[in-house]
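Q: Please take a close look at one part of this protein for me, the place where its aromatic rings come together. After that, I'd be glad if you walked me outward to the loops and charged side chains.

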Amino acid sequence: MTESYGVQSASLPVDDIFAGDFPVISQAITLEANSGALLRGTVLGLKLTGAVAAKVSGDGNGNVAAASVTLGREAMAGVYRLTCTAEDTDVGTFKVQAPDGRRLADLTVASAYSSTHISLTVPDGSTDWAEGDVITVTVTGKAVPYDPDATDGSEKAALILADDIDVGASDVQAVAYRTGQFRRSALAGIDDAAVLALDARSIFVR
């Protein structure tokens, strides 16, 4: 599931899940098959399923989309943006921004780039990269119940399920809250680590 932003909930169910007036924004999600019966208020993580690099602009190399991307332990679903900030013959430098806006270490063209988020090599083509050229790395995933013992991305709490739902043998489309202020006693699967992770994403648990 690629995170989709800007879906504002028009009305909120009348219950005690909300703990304040912080703006509530929801988004469409894909729940992974066999997740079982999930309650409204279940804490969700994003199980990462893959990554694709694509050239948005620039003539440095036409095959960036085929570049192999390895996901690290801090990888997150969304779009990583690589922007050329310094050009040079057969090399060049790209700044790397995570989906949440954080700037990661810079990347050097034609050299292996390794981070706790993504690892890849941006090739040098017959035409050099130029300042302002952009490459995106889109990391996809599916929502699953938060699992602090996992190592596939779902160990990081990311969303709150908006409705009761039973997920059987097929993936199911659903809705989750991506911002808001919530009552801890109304959430399922919450722990202290999840509270900290959600807080960093503007989901506040009280």
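A: Let's start with two phenylalanines: Phe18 and Phe182 are both buried. Please keep in mind that this is a predicted model. For Phe18 the relative accessibility is 14%, and Phe18 counts as buried because the cut-off is under 20%.

Now for the rings themselves. The structure holds 5 aromatic pairs. In one of them, Phe18 meets Tyr177 edge-to-face, with 5.4 Å from centre to centre and 70° between the planes. That pair joins distant parts of the chain, since Phe18 sits in the loop between β1 (7–8) and β2 (25–31) while Tyr177 belongs to strand β13 (residues 172–182), 159 residues apart. Tyr177 is buried too, because its relative accessibility of 4% is under the 20% limit.

Phe18 has another ring partner: with Phe182 it forms a tilted aromatic pair, 5.3 Å centre to centre and with 40° between the planes. Again the contact links distant parts of the chain, with Phe18 in the loop between β1 and β2 and Phe182 in strand β13, 164 residues apart. If you wonder why one pair is called edge-to-face and the other tilted, the angle decides: planes over 60 degrees apart count as edge-to-face, under 30 as stacked, and the rest as tilted. Put together, Phe18, Tyr177 and Phe182 make up one aromatic cluster. In your viewer, a handy way to find this cluster is to pick Phe18 in its loop between β1 and β2 and then look across to strand β13, where Tyr177 is found.

Strand β13 is also a good landmark for the charged side chains. The structure holds 6 salt bridges, and one of these involves the loop that comes between β12 and β13. Here Lys142 forms a salt bridge with Asp171, and their closest N and O atoms are 2.6 Å apart. Lys142 is in strand β10 (residues 134–145) and Asp171 in the loop between β12 (165–167) and β13, so this bridge ties together parts that lie 29 residues apart in sequence. Lys142 is partly exposed, with a relative accessible area of 24%, and Asp171 is partly exposed as well, at 34%.

Another salt bridge joins Arg184 to Asp192, with 3.0 Å between the closest N and O atoms. The two partners fall into separate exposure classes: Arg184 is partly exposed at 33% relative accessibility, whereas Asp192 is exposed at 53% because values over 50% earn that label.

A further bridge takes us to another part of the chain. Glu32 pairs with Lys47, the closest N and O atoms being 3.4 Å apart. This pair also links distant parts of the chain: Glu32 is in the loop between β2 and β3, and Lys47 is in strand β4 (residues 43–57), 15 residues apart. Lys47 is partly exposed, with a relative accessible area of 27%.

While you are in the loop between β2 and β3 (36–38), have a look at Asn34, which is located there. Its backbone has a positive phi of about 65°, even though Asn34 is not a glycine. That deserves a second glance because most residues other than glycine have a negative phi. Asn34 is exposed, with a relative accessible area of 62%.

Ala110 has a positive phi as well, about 70°, and is not a glycine either. You will find Ala110 in the loop between β8 (103–108) and β9 (118–119), partly exposed with a relative accessible area of 47%. Ser114 is also placed in the loop between β8 and β9, and at 63% relative accessibility Ser114 counts as exposed. From C-alpha to C-alpha, Ser114 is 9.9 Å from Val69 in space, although the two are 45 residues apart in sequence.

One last stop is on the surface, where Glu87, Asp88, Asp90 and Glu131 gather in a patch of negative charge. Among them, Asp90 is in the loop between β6 (78–88) and β7 (91–97). Asp90 is partly exposed, with a relative accessible area of 43%.

Methods: Residues numbered from 1 in each chain as written. Predicted model: local features only at pLDDT ≥ 70, side-chain atom pairs only at ≥ 80, totals over all residues. Heavy atoms only, no water. Patch = residues over 30% accessible without salt bridge, like charges linked within 9 Å, V, L, I, M, F, W, Y side chains within 5 Å. Areas by Shrake-Rupley, 256 points an atom, 1.4 Å probe, with all protein chains shown as cover. Salt bridge = Lys/Arg side-chain N within 4 Å of Asp/Glu carboxyl O. Lys, Arg positive; Asp, Glu negative; His and termini not counted. Charge placed at Lys NZ, Arg CZ, Asp CG, Glu CD. Helix = DSSP H or I, 4+ residues; strand = E, 2+ residues; numbered from the N terminus. Buried < 20%, exposed > 50% of the residue type's maximum accessible area, 1.4 Å probe, protein only. Phe/Tyr/Trp six-rings, centres within 6.5 Å; stacked < 30°, edge-to-face > 60°.
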